[in-house]
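Here is my note for your first look at this protein. Keep the viewer open and find each residue as you read.

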Amino acid sequence: MTDDTERPSGPNLPAHVRDAVDELSVEELEDLADYAQALADWKREQPPASPDTAPEDAVDDDVVEDLEEQGVSMDPDDYDDVPATGAYITVKEPKQGYRYYYWQWRDGDTWKNEYIAPVNPKGD
């Protein structure tokens, strides 16, 4: 018996995930599909991260006020990739002695950030 239908193309997932899924039986694939749908539904219902629950490394309101006084926008909409909710401002030191403000937020299982300004602008 031959089947003329084409094998479905896989989603844009890491190869190790696609390879593992390819090895599953029909029953396991159906169980996985049910689980994936239930998990997606559950994640949709979770509340978005709140600025009130910012991690300990978030800067305090005084720093935000100082940045605004320097003319630095604290509106996430003024930055290309910063989400409107769930982002907070932190200080990072990528190289000793060089400190910068960044927006930081969770994106799935990873952290993302976007540069804002130096902590000590030239002339300070």
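Which strand does K112 lie in? K112 lies in strand β3, and we will come back to it below. Please keep in mind throughout that this is a predicted model.

1. **The overall plan.** Start with the outline of the chain. The secondary structure comes to 3 helices and 3 strands. Reading from the N terminus, the elements run α-α-α-β-β-β. The protein chain has 124 residues, and 18% of them count as buried.

2. **K112 and its partner.** K112 counts as partly exposed because its relative accessibility is 37%, between the limits of 20% and 50%. Its side chain meets that of D107 in a salt bridge, with 3.1 Å from N to O. The two side chains are also joined by a polar contact of 3.1 Å. In addition, K112 can be compared with a residue 25 positions away along the chain, A87: their C-alpha atoms are separated by 9.3 Å.

3. **D107, the other end of that bridge.** D107 is found in strand β2, which covers residues 98–107, while K112 belongs to strand β3. With a relative accessible area of 38%, D107 is partly exposed. Try picking out P83 as well: D107 and P83 are 24 residues apart in sequence, and their C-alpha atoms are 9.6 Å apart in space.

4. **The other salt bridge.** How many salt bridges does a search of the whole structure find? The search finds 2. Besides the pair in points 2 and 3, R7 forms a salt bridge with D22, and the closest N and O atoms are 2.8 Å apart. R7 lies in the segment before α1 (15–22) and D22 in helix α1, so this pair ties together parts that are 15 residues apart in sequence. R7 counts as exposed, at 63% relative accessibility, whereas D22 counts as partly exposed, at 47%.

5. **A charged residue that is buried.** Is E114 buried or exposed? E114 is buried, yet it has no salt bridge. The nearest side chain of opposite charge belongs to K112, and it is 9.6 Å away. Since a salt bridge needs the nitrogen and oxygen within 4 Å, this is a good place to check the distance yourself. E114 lies in strand β3 (residues 110–118). A polar atom of the E114 side chain does have a neighbour to look at: the backbone nitrogen of D81 lies 3.3 Å from it.

6. **A patch of negative charge.** Now turn to the surface. D60, D61, D62, E65, D66, E68 and E69 gather there in a patch of negative charge. One of these residues, E65, lies in helix α3 (residues 61–69). E65 counts as partly exposed, at 44% relative accessibility.

7. **The two ends of α3.** What does a side-chain oxygen of D60 reach at the start of α3? This oxygen comes to within 3.2 Å of the backbone nitrogen of D62. Both D60 and D62 also belong to the negative patch. Beyond the helix, look for G71: this residue follows α3, and its phi is positive, near 85°.

8. **The loop after α3.** V72 is found in the loop between α3 and β1 (88–95). At 16% relative accessibility, V72 counts as buried, because the cut-off is under 20%. V72 and A117 are 45 residues apart along the chain, and their C-alpha atoms are separated by 7.6 Å.

9. **A nonpolar patch.** Which residues make the nonpolar surface patch of about 270 Å²? They are L29, L32 and Y35. Among them, L29 lies in helix α2 (residues 26–45). L29 is partly exposed, with a relative accessible area of 34%.

10. **What to take away.** If you revisit just a few spots, try these. Compare the K112 and D107 bridge with the one between R7 and D22. Then look at E114, which is buried without a salt bridge. Finish with the two surface patches: the negative one that includes E65, and the nonpolar one that includes L29.

How values were computed:
Residues are numbered from 1 along each chain as its sequence is written. This is a predicted model: local features need pLDDT of at least 70, side-chain atom pairs count only at pLDDT 80 or more; totals for chains, interfaces and linings use all residues. Side-chain values use heavy atoms; hydrogens and water are left out. Helices (H or I, at least four residues) and strands (E, at least two) are DSSP runs, numbered from the N terminus. Buried means under 20% relative accessible area, exposed over 50%, partly exposed in between (1.4 Å probe, protein chains only). A polar contact is a pair of N or O atoms within 3.5 Å; within protein, one must be able to donate a hydrogen and the other to accept it, and residues adjacent in sequence count only if both atoms are side-chain atoms. Patches are made of residues with over 30% relative accessible area and no salt bridge: like charges are joined within 9 Å, nonpolar side chains (Val, Leu, Ile, Met, Phe, Trp, Tyr) within 5 Å. Accessible areas come from the Shrake-Rupley method with a 1.4 Å probe; for residues, only the protein chains shown count as cover. Lys and Arg count as positive and Asp and Glu as negative; His and the chain ends are not counted. The place of a charge is taken as NZ of Lys, CZ of Arg, CG of Asp or CD of Glu.
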